[in-house]
Amino acid sequence: MALVERSMVLPLVLVTMQISFSYAAIYKVGDSSGWTTLGNIDYKKWAATKNFQLGDTIIFEYSAKFHNVMRVTHTMYKTCNASSPIATFTTGNDTIKITTHGHHFFFCGVPGHCQAGQKVDINVLKVSPVASSPTPYSSALASPPTVPASNVPAPSPSNAAPLKFAALKMIMGFWAMPFLVHF
């Protein structure tokens, strides 16, 4: 019996862990084209189609012989001023994890590249993915269906205790299973 319970709880724990970490995304700037001046890539349009969140990773892939990535202030971004960047990346495969809300401004510091459009504004909103997703009842005219309390069945006494212990086992984690199985 204990083995059966363990085999049922472990997948639940793994699914819970997957849900917890599933919000972080990885974005390659420019998608298949990467970070370049070739091909008239509209990085502003590219960024506008994304929903950046805390924990996401931004990857800049480019030829290190011809490009770089500079993180800059808004003023520097608007004027393509590369004189004192916040950070400079030069590997050709730069990975940047988003750890704060707001705008994150990047451009290529090679003369003329920023002016040619090789710049991107990664905007991380303070709205969580759950709060920003529409619900079926988000319309001002619609209301959620209601069920009268008299139509809701009471929980069966025979099922109540096992459900409480199953939830407790899941919260405690897989390591606590041997101690809880005997209850």
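Let's start at N123, which sits in strand 7, residues 119-124. The model is a predicted one. N123 is partly exposed, because its relative accessible area of 27% falls between the limits for buried and exposed. Leaving out residues up to four places away in sequence, N123 touches F52, G102 and H103. The chain also brings F105 into the picture: its C-alpha atom is 8.5 Å from that of N123, with the two positions 18 residues apart along the chain.

**Strands 3, 6 and 7**

Strand 7 has an antiparallel partner in strand 6, and six bridges hold the pairing. One position to look at here is H104, part of strand 6 (residues 102-107). What stands opposite H104 in strand 7? That would be I122.

Is H104 buried or exposed? H104 is buried, since its relative accessibility of 5% is under the 20% limit. The side chain of H104 has a polar atom 2.9 Å from the backbone oxygen of T100. Setting aside residues up to four places away in sequence, the contacts of H104 are R71, I98, V120, D121, I122 and V124.

Strand 6 also pairs with strand 3 (residues 69-72), again antiparallel, this time through three bridges. In that pairing, V72 faces F105 of strand 6.

**The open sheet**

Elsewhere, three strands make an open sheet in the order 1-2-5, and the pairing is mixed. Its edges are strand 1 (26-28) and strand 5 (93-97), each of which pairs on one side only. On average, neighbouring strands of this sheet are turned by 20 degrees against each other, ignoring direction. Strand 2, residues 57-61, pairs with strand 5 in the antiparallel sense, and that pairing has five bridges. Within it, F60 has D94 of strand 5 as its bridge partner.

**Nonpolar cores**

Nonpolar side chains in soluble globular proteins tend to be buried together. In this model, the largest nonpolar core is made of 18 residues, and W35, F52, F60, V120 and I122 have the most contacts inside it. Helix 2 (43-48), strand 2 and strand 7 are the elements that give two or more residues to this core. Another core lies apart from it, with eight residues that include M70, M76, F105 and F107.

So some familiar names come back: I122, the residue opposite H104, is among those with the most contacts in the largest core, while F105, which faces V72, belongs to the core of eight.

**Aromatic pairs**

How many aromatic pairs are there? The count comes to six. To describe such a pair, one gives the distance of the ring centres and the angle of the planes. Two of the pairs look like this:

| Pair | Centre to centre | Angle between planes | Type |
|---|---|---|---|
| W35 and Y43 | 4.9 Å | 55 degrees | tilted |
| Y77 and F105 | 4.9 Å | 40 degrees | tilted |

Y77 is in helix 3 (residues 74-79) and F105 is in strand 6, so their pair ties together parts that are 28 residues apart in sequence. Both Y77 and F105 are buried.

As for the other pair, W35 is buried, with a relative accessible area of 1%, and Y43 is buried with a value of 1% as well. W35 and Y43 also belong to one aromatic cluster together with F60 and F106. F60 thus turns up in the pairing with D94, in the largest core and in this cluster.

**Two positive phi values**

Most residues other than glycine have a negative phi. Which residues have a positive phi without being glycine? N40 is one of them, with a phi of about 50 degrees, and C80 has a phi near 55 degrees.

Both are found in loops: N40 in the one between strand 1 and helix 2, C80 in the one between helix 3 and strand 4 (87-89). Their surroundings can be put side by side. N40 counts as exposed because its relative accessibility of 75% is over the 50% limit. C80 is buried, because a relative accessible area of 15% is under 20%.

How values were computed:
Residues are numbered from 1 along each chain as its sequence is written. This is a predicted model: local features need pLDDT of at least 70, side-chain atom pairs count only at pLDDT 80 or more; totals for chains, interfaces and linings use all residues. Side-chain values use heavy atoms; hydrogens and water are left out. Helices (H or I, at least four residues) and strands (E, at least two) are DSSP runs, numbered from the N terminus. Buried means under 20% relative accessible area, exposed over 50%, partly exposed in between (1.4 Å probe, protein chains only). Contact means heavy atoms within 4.5 Å. Two strands pair if DSSP finds at least two bridges between them. Axes are lines fitted to C-alpha atoms, for helices over the stretch in contact, and angles run from 0 to 180 degrees between N-to-C directions. A nonpolar core is a set of buried Ala, Val, Leu, Ile, Met, Phe, Trp, Tyr and Cys residues joined through side-chain atoms within 4.5 Å. A polar contact is a pair of N or O atoms within 3.5 Å; within protein, one must be able to donate a hydrogen and the other to accept it, and residues adjacent in sequence count only if both atoms are side-chain atoms. Rings of Phe, Tyr and Trp (its six-membered ring) pair if their centres lie within 6.5 Å; planes under 30 degrees apart count as stacked, over 60 as edge-to-face and the rest as tilted.
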